[in-house]
Amino acid sequence: MKRGLEGPAPEERPTPAGRRNKQGIRIDPEVEATHEPRRTVISALVAHEPGVLSDVSGLFSRRQFNIESLTVGPTDDEERARITIVVEEPDPGIDQVEKQLRKLVPVISVRELEPDAMRRELALVKVDAADPASVSAVADMYDATAVDSSPETATFEITGSRQKIEAAVETFSQFGIREVSRTGLTAMARGTDQTAGADLTAQPADEAKYGDNTQPADDD
Amino acid sequence: MSERAAKVTPTDDEQTDEQITDSAAPDAATEPDSAAETESETTAEPVTSGAEAVVRALENAGVEYAFGVQGGAIMPVYDVLYDSDIRHVTMAHEQGAAHAADAYGIVSGEPGVCLATSGPGATNLVTGIADADMDSDPMLALTGQVPTEFVGNDAFQETDTTGVTTPITKDNTFASDADHVGSDVTEAFALAREGRPGPTLVDLPKDVTNGETDREPDEPKTPDTYHVQERADSEIVAAAAERIENADRPVMLLGGGVIKGEASEACREFAIEHEIPVITTMPGLGAFPEDHELSLEMAGMHGTGYANMAITHCDTLIGIGTRFDDRLTGGIETFAPDAEVIHVDIDPAEISKNIHADYPLVGDAETVVEQLAAAVDESPAATKWRAQCQQWKSDYSMAYEAPEDAPVQPEFVVEALDEATSDRAIVTTGVGQHQMWAAQYWTYTEPRTWVSSHGLGTMGYGLPAAIGARLAADDDQEVICVDGDGSFLMTLQGLSVAVRENLDITVAVLNNEYIGMVRQWQDAFFEGRHAASDYNWMPEFDKLAEAFGACGFRIDDYDDVADTIEEALAYDGPSVIDVHIDPDANVYPMVPSGGDNGQFALTEDQL
Ligand SMILES: Cc1ncc(C[n+]2csc(CCOP(=O)(O)OP(=O)(O)O)c2C)c(N)n1
Ligand SMILES: [Mg+2]
């Protein structure tokens with residue numbers, strides 16, 4: 001018996017003119033529709049309870065979000081913690097990161113910080129101290145504070161933007177670096193602008209278009 | 001047809017409510033009716049333990065049934081359930097408990113409850129929890145856990161249940177003290193139901209359930225951090241309404257969210273008022289009557305040709321309660337490529353996740369459809385488009401050949417079952433070809449009558465789902481499990497439960513002695529190499545059914561189909577029809593994974 005159904009074969013059918021890109025956006029020749037990945041900072045205020053950190057980090061790995069750093073710490077309210085995440089994603093991906101984070105029940109609020117937000121990271125750098133004078137000259141250059149020293153080593157604390165820390169590590173490397181330990185980025189909005197507060201009404205649930213927030217996020 | 005229809009199984013009268021409650025065996029001791037009644041009338045005693053608080057929380061939430069399996073770590077909860085009015089159905093396997101609870105949730109709209117002990121009990125639930133998560137079905141799982149002081153020590157039957165289930169639950173909680181455990185449960189119950197439904201889990205360490213407390217659980221309430229937006233932004237509604245008014249080729253795409261959001265009626269009225277053709281996703285089956293002329297039925301991988309043509313060529317796609325899953329969209333690049341998309345969903349994260357929404361409408365499906373209905377003043381001028389859709393309906397008819405001399409065609413069996421049952425009959429399925437035939441050839445007209453495993457695609461879902469559906473359904477709704485031979489084999493131990501509880505369900509096994517869906521793909525994409533897809537041998541399911549105490553039937557010929565179905569339906573209790581179908585039957589139309597919906601294949605050589 002004949003198997004299958006009747007009807008015009010695929011090549012006999014009309015085909016539509018349009019197409020979508022991989023992000024599901026209709027390709028409009030008038031508008032540039034592809035979104036390139038960009039690095040940005042997302043801040044989340046969360047309930048300070050066991051399991052939140054693993055919920056958040058699990059979410060990122062499970063959904064294949066590209067994450068550069070994730071830090072968590074207490075806030076002035078002992079029931080709340082702040083999580084700061086540096087992600088590198090195209091606009092639709094950043095949008096998804098925010099929305100998926102908001103879906104986690106212990107997450108109170110989420111926002112992407114403006115490019116001018118304050119960003120800081122701390123690093124401990126342990127170097128060989130064979131030439132103490134040169135080492136401390138470099139430390140001065142980067143406002144690094146000595147935390148520990150021994151006959152063979154000196155350890156400095158450096159605080160600042162990611163670029164500053166990278167530059168410091170690079171410069172210290174001439175003496176021989178023994179170990180580096182970095183905290184990852186923490187950040188806060190400037191002035192009266194709220195980072196990610198308890199004000200839940202401020203969350204745009206149905207933002208139509210991706211933000212104009214497309215300039216690269218430089219660290220200050 | 002089998003000659004051994006007469007069976008020795010418990011009749012209705014012999015089975016009392018009390019037997020269903022807590023009975024681990026059919027002959028379990030039963031209390032007289034009056035005892036249960038007096039108890040429910042008197043005001044409840046104050047709680048004294050964590051376990052009592054857990055059960056009180058369920059009672060306060062209005063839970064009528066729970067499905068589960070006993071075990072060490074959950075025993076304190078069972079001990080309290082023993083005296084509760086909640087009817088506990090002892091399942092043969094925890095996976096079945098989770099599927100039964102899931103189906104109960106689909107049919108009733110209220111979270112289904114399942115229970116399991118720690119370790120293997122909890123891990124056996126995992127497939128069912130993941131299934132509920134993918135399909136956004138409301139479900140509450142309660143798992144026993146080793147006493148808190150042993151947690152982390154690899155104690156006997158210890159599994160990090162909250163760790164294992166974090167990615168597959170809407171939310172989960174490790175109960176940390178007896179005073180809070182009742183409220184942990186009510187909160188989890190509320191979360192499972194509110195907003196976009198989903199499974200929640202509370203892990204219950206034995207010291208917590210055994211612990212003393214006099215704290216009554218709070219009323220079911222979602223946590224303060226959980227927010228659901230009910231109404232969509234009115235400006236976007238206005239813009240979407242204008243788009244609909246000006247559409248040349250509009251289509252409504254109704255997903256499972258329409259059913260869960262009780263928006264079927266509102267969608268039906270909107271579509272009919274504005275004469276907009278309607279497509280459903282697979283979970284959306286029943287959201288719109290498939291016998292209505294505006295219905296184009298289901299789109300996607302095994303959707304109808306006309307639905308796939310319409311979705312490919314529309315210029316305005318009104319997607320409601322759908323997550324634009326890849327089985328629906330096929331390749332993203334060719335999905336509704338000319339359409340401006342209006343997307344209604346209660347979960348903001350679904351908006352523009354897979355398909356960019358030009359008009360994102362976050363809110364409750366029914367509320368937003370009513371907002372749209374109020375905002376659309378003029379129906380779109382789409383006479384030509386509707387005519388085109390009708391033309392496609394005849395060009396790509398689902399009519400199949402069923403020659404008398406060939407083996408029984410599965411489509412015929414599905415249609416015969418549909419014919420023999422009422423409009424409100426409930427269909428559950430396994431996963432595979434039979435599931436697709438059940439989706440394609442049964443005419444769904446009512447919401448909550450299609451109960452299947454969509455997102456996870458779990459073989460073995462059908463029978464336990466029929467058990468849960470049966471207990472949630474009205475007495476006049478037939479419950480039919482259209483199963484595959486392979487799928488049935490995975491969970492058929494559930495027959496013991498159906499017999500013990502005397503549940504009136506009919507299982508029709510579309511037996512092709514194949515892992516049929518895999519065989520179809522092998523024929524199309526693996527040069528017909530039937531690696532591990534040919535069973536060659538199958539038990540005789542009718543006899544197996546009888547060994548369980550159910551009523552067994554067998555169909556080999558067309559002549560047997562109608563009569564046997566009638567007999568099986570007439571039997572008051574579980575029956576199994578082993579339907580020997582054409583082993584070479586395939587499911588069409590078919591869009592290969594990632595393919596272009598408009599280029600669906602009608603025969604194998606078009607793939
Ligand atoms: C638990 C599970 N294991 C494996 C699969 C992969 N799979 C999909 S369909 C299918 C065949 C199902 O066979 P059967 O139930 O007989 O249905 P048929 O396709 O023959 O109708 C298999 C193995 C699955 N979906 N679920
Ligand atoms: Mg089969």
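D485(B) and N512(B) are both buried. The model is predicted. Both residues belong to the magnesium site described next.

**Magnesium site, chain B**

The magnesium ion (ligand 2) has protein donors from D485(B), N512(B) and Y514(B), at 1.9 to 2.2 Å. Along the chain, these donors follow the spacing D-x26-N-x1-Y. D485(B) and N512(B) link distant parts of chain B, 27 residues apart. D485(B) sits in helix α20, residues 485-491. N512(B) lies in the loop between β16 (506-511) and α22 (516-525).

| Donor residue | Donor atom |
|---|---|
| D485(B) | OD |
| N512(B) | OD1 |
| Y514(B) | O |

**Chain A: fold and surface**

Chain A holds four helices and nine strands. Their order along the sequence is β-α-β-β-α-β-β-α-β-β-α-β-β. The chain has 220 residues, and 45% of them count as buried. Among contacts in chain A with a separation of 6 or more, 74% come from residues 24 or more positions apart. The exposed area of chain A is about 11700 Å². Carbon and sulfur atoms supply 49% of that area.

**R38(A) in strand β1**

R38(A) is placed in strand β1 of chain A, which covers residues 38-47. Why does R38(A) count as buried? Its relative accessibility is 11%, and buried means under 20%. The side chain of R38(A) also makes a polar contact with the side chain of E112(A), at 2.9 Å.

Conventions
Residues numbered from 1 in each chain as written. Chains lettered and ligands numbered in written order. Predicted model: local features only at pLDDT ≥ 70, side-chain atom pairs only at ≥ 80, totals over all residues. Heavy atoms only, no water. Donors = N, O, S within 2.8 Å, 3.2 Å for Na, K, Ca; no water. Helix = DSSP H or I, 4+ residues; strand = E, 2+ residues; numbered from the N terminus. Buried < 20%, exposed > 50% of the residue type's maximum accessible area, 1.4 Å probe, protein only. Contact = heavy atoms within 4.5 Å. Areas by Shrake-Rupley, 256 points an atom, 1.4 Å probe, with all protein chains shown as cover. Polar contact = N/O pair within 3.5 Å; in protein donor to acceptor, adjacent residues only side chain to side chain.
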